[in-house]
Every structure is written in C-alpha cells, then in structure tokens.
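Visitor: I would like to learn how to read a model like this one, feature by feature. Could you take me through it?

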Amino acid sequence: MKEARKSWGGAARGASGRFPRRAAACLVILIITLLAAACDSSMDPDAPREIIVASHDSFNIGADVIAEFEAEHDATVTILRSGDAGEALTRAILTRDAPTADLLYGVDNTFLGRALDEDIFRVYRSPLLDRVPEQYRLDPSNHVMPVDYGFVALNYDIARLNENGMPPPSDLRALADPRYRGLAVVQNPATSSPGLAFLLATVATFGETGGYTWRDYWTDLLENDVLITDGWTDAYYTAFSLYGGDRPVVVSYTTSPAAEVFYSEGTHTTPPTASVLGDGAAFLQIEGIGILEGARNVELAERFVDFVMSRRFQEDFPTMMWVYPANADAALPEVFQFAPVPARPASISPDEIAENRERWIDEWTALVRG
C-alpha cells in the first residue's frame, strides 16, 4: 500500500507540490472505499465460490441436499469434520487469526457462552429465524442461528425391566432408589457430550444449595453402583442390556427409541426401549451454525445459513443425525412418533453454563474419585 499511495500522490499534486484540498478529500474517500472493498469479501466479485463448513464428526446430511445448494449458487461446499463439538469449537478459536473454515456448525447451548466470549462469529440474522419457536432460539445476539434441537434423557430396556419385575424410572431421583442398584450406566461429563448434558440436568433439577443438591444426588448414584463410561458408544452398545450388557438403564437421547425401530429393518414395529420424560429428566440441547470472522465469502456463507434453516435441509437430517428440526414448518418423519418431546425438560442458560461448566465438571470428578 505504501507504493500505491506514493503513485497516487504524484498524480494528484498541484503546481505548488501540495495536495489541493478537494483532490486530497477525494483521494481519502477513494482510499477508504478501496480498503473497505478489499476487507469485505462479500463485495469482491472475485471472491471464491467455495465455502468450508467446520462441524463435529456427527454431522450428516444427504449429498443430494448439498448438491442442490452448490448448483443453485454455482459453488462448492466442503464439510470439515473436526472431532466432537468441543474440539470443533476449540479448533475454530485457535485458528481465528487464520480461519480454516467459513462457518461452524454444531455449537450448542453447552458451549455457546464460550464461543461468544471468544468473539469468533459475525452477526447474521437469517429471515428464517422467524420460523423457529422462541424456546429453540439459541442466541439472542444473532451470532449463531439455531438448526436443530434434541434431548438427552434416560433410556430403558423395556423387556429387561419387565423380566426383573421393575417399574421404569419416572424421573432422575428414581436412579438413587436402592431398587435400581447396579442397573444404570451414564457417561463422564468431561469426555462425553451426553454425559455433560446429564450432569447439567442434575444441576438444573437439584440445584447447588438447599437440603439436597446435585452433589448429594451424585453421591447417592455412586453408592447405588452407577457405572460410568467415557462415551456414549461404550455405554449404549456395550453396557446397555439391549446389546448384551447388564445395565437396563442408560443415558442416551429421546430419539433413540425411534432409531431402534428405524434401523431394525422391520424387526421392531414399536421400540424395544423408552425414554424417561418426567419433569427435568431430559436436558434440552440446541445446535446452531455461525459465520466465522474472516469468512472468505460472507454473502455465500449467509445464503448457506439460510439454506440450512430451510425446509429442504431441515427435513433431511432427522433420521441421519436423530435430532429435531428447528424450523417449525419442517415435517417430521413418521418414525418420530416414537420420539415424543418432553413437556418440561431441564435447561440452564448458556451464560450460566459458560461461567460454571468447568467447575461443575471438576467437582463431579472429585466426587467420583472420592
């Protein structure tokens, strides 16, 4: 820019060797305009017709859906899977000065506060936000648009509980009942997303102060021989009795019973499992997408956000990612009749989670270690 400024100066000087005031003013305006255009890729006709979407590893959408967006916008979309939701966010934070993606999908209410504190997203309010019910709007500041929501909840093996003559648990407190000793498996909140959501559900339900707190609840669970695994896969496909384990109660999702029917290829016409839907027993998770600061083509990124919130995209992913579409106009697949939405789920504000998440995990870890 120094050489360019020198060249412009030589052409604009008057006979006296000084800039005429009008010429100087015009020059300043021109330079500001050029700099603004250079800094805003959405004004650049040569901006790349490509966007990179960073996401967690569970992101799944039909190739034909992405192809429709690419054809409509003469663009290329690349999905960059970056580990779990926490790892994907951490990568976006660490690379903020040289972003490896234009958008980040999968930021949920358990990590939103951290993302906003790190100031990694541009503000963009999609017009399709108007089609999202208020309770599923993730971010009032409009840095992150809601895409989907789900509920982490206790699931139980219907047949195994019947064989044992046990009633299904009605709420979280039931797991501390001696009748359920050795029957439940949960996940570590330090290493598992559903594990963290379950911990948050206990915090929301039992609180931090009073006669019986979330710490008291977890103490009772530990005394009741609860099994703790590092992740959902080990809990569900190894320890859970439906797949050969000895634990008929597992922390999973309210959509898991529907998924059991869907993947059974006709073996099950009704689910072999069910979810515990009592007050506060399920924790609401809302996922969203945001445009990263430094996005190479902001206008194209905005159109992708709109597309992700549209019915075409929203109606494709329920039986691929097993979450509910945020757009109220999107139709649910028939199998979601087996995935009822809890009437009164547990929830904690993203700000409160951001302020206390690490402390809660540390206190939980200390309890477990004794």
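Guide: Gladly. Let us start with what counts as an element: helices (H or I) of at least four residues and strands (E) of at least two are DSSP runs, numbered from the N terminus. Keep in mind that this is a predicted model.

Visitor: How many helices and strands does the protein have?

Guide: Its secondary structure comes to 14 helices and 10 strands. Of the 370 residues, 50% are buried. Among contacts with a separation of 6 or more, 73% join residues 24 or more positions apart.

Visitor: Let us take one helix. Which residues of α3 are buried?

Guide: First, the general idea. An α-helix has 3.6 residues a turn, so residues three or four places apart point the same way. Now the case here: α3 spans residues 63-73, and its buried residues are Val65, Ile66, Phe69 and His73. They share one side of α3 because they cover an arc of only 95° around the axis.

Visitor: Which residues are exposed on the other side of α3?

Guide: Ala63 and Ala71 are exposed there.

Visitor: And what covers the buried residues of α3?

Guide: The cover includes two strands, β1 (50-55) and β2 (76-81), along with the helices α11 (298-308) and α12 (311-314). While you are in this region, look just past the end of α3: aspartate 74 has a positive phi of about 50°.

Visitor: How should I read the packing of α3 and α11?

Guide: Begin with the axes, then go to the side chains. The two axes come within 11 Å and cross at roughly 140°. Angles over 145 degrees would count as roughly antiparallel, so this crossing makes α3 oblique to α11. The crossing is right-handed. From α3, Val65, Ile66, Phe69 and His73 meet Leu300, Arg303, Phe304 and Phe307 of α11. Sorted by class, this contact has 6 nonpolar, 1 polar and 1 charged residues.

Visitor: Loops seem harder to read. Where is proline 342 found?

Guide: Proline 342 is in the loop between β10 (324-325) and α14 (350-369).

Visitor: Is proline 342 buried or exposed?

Guide: Compare its relative accessible area with the cut-off: buried means under 20%. Proline 342 has 6%, so it is buried.

Visitor: Which residues is proline 342 in contact with, leaving aside its neighbours within four places in sequence?

Guide: Those partners are Phe151, Thr254, Leu277 and Ala282. You can also look at the backbone: the C-alpha atoms of proline 342 and alanine 281 are separated by 8.6 Å, although these residues are 61 residues apart along the chain.

Key:
Residues numbered from 1 in each chain as written. Predicted model: local features only at pLDDT ≥ 70, side-chain atom pairs only at ≥ 80, totals over all residues. Heavy atoms only, no water. Buried < 20%, exposed > 50% of the residue type's maximum accessible area, 1.4 Å probe, protein only. Arc of directions from axis to C-beta. Contact = heavy atoms within 4.5 Å. Axes fitted to C-alpha atoms, helices over the stretch in contact; angles between N-to-C directions. Parallel < 35°, antiparallel > 145°, perpendicular 65-115°, else oblique. Left-handed = near helix turned anticlockwise from the far one by under 90°. Nonpolar A, V, L, I, M, F, W, Y, C, P; charged D, E, K, R; others polar.
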